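Colleague: Could you take me through the buried nonpolar packing in this model? Please bring in the cysteines and some strand pairing afterwards.

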Amino acid sequence: MGEFKVHRVRFFDFMPSGIRCMAFNSKADRLALARLDGSVEIFNFSNNYFQEKVIPGNDSRSIEAICWVGCDRLFTAGLNGEVVEYDLERLCPKYTLDAFGGPIWTAACNSEETHFAFGCEDGSVKLFEILPDKIQFERNLDRQKGHSVQRILVDRGPAGTRNKDCVVWNVAFLSDYTIVSGDSAGKVQLWDANKGTLIKTHLVSKWDVLSLSVSENEDSIVAGTSEGTVVQFQLLSPKIGDTETQWVRTRTFKHHTHDVRAVTETRTAVVSGGLDTQLVICPLMDKVEVKSSESVLRKVIFPHRSLVSCAKKPSLLLFQFPDQLELWRLGGTDTIGKPGESLPVTRKPEKLLQLKRKGDDHICCSTISECGHWIAYSTVSSIRLYQLQCDNNNISITKVSKLPKVLRSAHQLQFSADSSKLFVASEQATIHVISVSRSECKHVHTFKPKSDVFLPTGSSAPVHLLAASADGQWLTSANRHCEINVYNLKKLKHHCMVPVYNSLPSAMAIHPETNNLLVTHADQQMFEFGIVDKQYTDWSRKLQKEGLHRCRLKWGTPVTHITFNPQAPSQVILHDMHMFCIIDQSLPLDGLKAQFYSQLTPKDTSETDKPRKNNALKICNKYQPLLHVNLLEDDWLVVVERPLIDIHSQLPAPVRQKKFGT
């Protein structure tokens with residue numbers, strides 16, 4: 001089981017954008033972060049840290065501050081001088097206001113969540129009132145008006161740096177009138193706001209302290225530096241039994257290579273992000289249970305969704321970037337080798353097309369048809385459909401100019417197996433069925449989901465996953481309320497709803513022969529649902545009883561794609577960022593508790609020590625990080641990797657650190 005010829009693809013030059021700022025909502029247990037390209041991501045910390053929402057960026061949007069209000073209102077402000085509130089259901093800006101003070105560098109919300117303050121380029125502070133459905137300008141705090149209560153002068157730093165100006169990059173104000181500052185001299189300083197005097201200075205770096213965060217109960221401070229370290233300070237008693245407390249440096253985390261632009265602290269972890277593009281969730285071991293999911297160090301680098309589409313018959317790959325799409329034809333070889341041997345490439349991979357998007361909005365989803373003749377993509381403002389014609393080395397592309405008026409924007413796109421229909425998951429949580437042909441493109445039907453009556457939120461959540469059956473009869477959709485709906489494409493009506501499981505679906509696919517729906521969730525659980533019988537299959541019930549293999553559960557990244565082996569219908573192939581797995585549904589599930597068989601098992605291992613080969617689960621972690629795994633025809637497996645060393649090579653040089661002996 002699991003013997004394939006592998007296309008190892010490393011020419012998808014996806015480059016994540018750096019993290020600029022973040023905000024944690026303790027009420028909703030969600031983290032919102034903004035990247036340098038203007039995109040916003042929301043992670044659900046109570047659902048295995050799943051990236052549940054992504055708001056695409058815009059070329060004119062540069063975010064410097066991000067704030068939550070309540071459980072479900074999110075605001076950003078940036079260098080274009082605008083304040084944006086987002087629609088977290090439609091995943092787009094709800095409205096935009098100009099603060100009329102030039103670029104906005106910082107923002108803060110008061111503890112009662114009644115007012116916003118925005119610090120602008122012209123030196124003024126704009127005060128806005130927070131209303132139920134919008135924010136409203138209240139008054140302008142000019143730098144010339146009012147009088148200073150205390151004037152605090154920050155010194156320039158240690159000896160050797162006093163000839164340089166000291167810039168205060170960040171400040172925090174505590175309820176006991178303590179001011180915390182981080183500056184370009186590498187100092188974290190604490191001040192008495194009533195007296196204007198210095199309480200304590202902590203020299204944490206030779207470089208800048210760029211970010212600060214205070215815990216919710218104000219007993220911990222976290223600082224991020226430009227050399228990539230994160231330092232924690234805690235309010236502790238210097239002696240046992242002493243009632244007097246002071247700020248003590250307790251921990252130093254070194255998980256970044258570049259500027260740490262944003263830090264925050266949750267109940268159980270320190271969260272940081274910066275120029276090296278990765279989100280690091282570092283557990284505080286004194287606040288978590290050992291060997292629990294919260295005790296694992298997590299580094300989120302790639303999106304929790306697939307950016308690669310595959311046309312299996314012509315062996316084409318479509319790569320999605322924020323500003324363009326790339327279409328590649330896979331290479332090939334005429335050599336027949338031995339297992340484990342690398343074969344020489346006789347036909348090099350070829351870039352057939354580079355399709356630039358129109359407008360300033362970034363691409364949010366894209367797809368290619370199975371035959372390779374159709375490409376579709378969407379931004380938050382429009383959908384575009386193209387027809388491709390490939391004649392040997394000649395390729396032509398034609399834009400479909402007349403699209404049905406119901407198509408405005410999409411959260412998910414997918415073609416049917418025969419490439420005759422395009423399924424469009426709209427921002428209104430409906431699914432449009434579009435018939436595509438060379439002569440015309442017309443609207444066939446619109447499916448409206450049926451919500452579980454026990455869900456108070458209804459079914460307004462947009463769809464983030466689509467899966468169509470190979471015979472063209474069934475279409476399934478999953479939304480962000482964990483609802484999975486099944487539609488009958490022949491009768492054009494709603495068929496049934498899968499029982500709601502309280503974790504977001506991360507990937508799903510319909511078996512080409514049995515029409516059973518296989519779904520994986522953010523918490524690593526897997527279910528198989530019989531669409532015809534409208535109930536879970538016997539295999540799914542056994543799986544829930546036996547559980548997945550412990551080696552499969554130890555990875556923190558969700559499954560992003562599922563496919564099936566047409567040569568062996570019982571085999572399911574799924575992958576996350578670290579590995580891909582093959583599950584054989586014909587083998588007994590009790591093998592999942594035993595040692596699994598890996599392609600990396602040493603050859604010199606004795607036969608008695610080798611793991612059994614009749615396990616239902618096979619795991620391969622040879623290729624990583626994985627962005628896509630799919631099966632082509634003739635037993636070819638295509639594996640798309642994005643090595644981290646290639647990402648690091650495109651980053652600016654980190655601050656120079658002198659090492660011992662150099």
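Modeller: The packing comes first, then the cysteines, then the strands. The model is predicted, so local features need pLDDT of at least 70 and side-chain atom pairs count only at pLDDT 80 or more, while totals for chains, interfaces and linings use all residues. Residues are numbered from 1 along each chain as its sequence is written, and side-chain values use heavy atoms, without hydrogens or water.

The largest nonpolar core holds 21 residues. Such a core is a set of buried Ala, Val, Leu, Ile, Met, Phe, Trp, Tyr and Cys residues joined through side-chain atoms within 4.5 Å. Buried means under 20% relative accessible area (1.4 Å probe, protein chains only). V9, F12, L317, F319 and V640 make the most contacts inside this core. Strand 26 (308-311), strand 27 (316-320) and strand 52 (636-641) each give it two or more residues. Strands are DSSP runs of E, at least two residues long, numbered from the N terminus. Strand 52 is the main contributor, with three residues.

V9 deserves its own look. Neighbours within four places in sequence aside, V9 touches L317, F319 and L330. V9 is also in contact (heavy atoms within 4.5 Å) with V638, V639, V640 and E641. Another core lies apart from the largest one and has 17 residues, including V572, L574, C581 and I583.

Now the cysteines. The whole structure contains zero disulfides, a disulfide being a pair of cysteine sulfur atoms within 2.5 Å. C67 is buried, at 12% relative accessible area. The closest cysteine sulfur to that of C67 belongs to C109, 6.5 Å away, which is too far for a bond. C92 is in no disulfide either; its nearest cysteine sulfur, in C364, is 9.9 Å away. C92 is buried too, at 9%.

Last, the strands. Four strands form an open sheet in the order 18-19-20-21, with antiparallel pairing. Strands pair if DSSP finds at least two bridges between them. Strand 18 (209-214) and strand 21 (246-254) are the edges; each has a single partner, so one side of each lacks a neighbour in the sheet. Within this sheet, five bridges link strand 19 (residues 220-225) and strand 20 (residues 229-236). S220 faces Q234 in strand 20.

Elsewhere, strand 31 (residues 374-378) runs antiparallel to strand 32 (residues 383-391), over five bridges. W374 sits opposite Q387 in strand 32. A four-residue hairpin connects strands 31 and 32. Strand 32 also pairs antiparallel with strand 33 (residues 394-399), through six bridges. There, C390 stands opposite I395.

Terms used:
Buried < 20%, exposed > 50% of the residue type's maximum accessible area, 1.4 Å probe, protein only.
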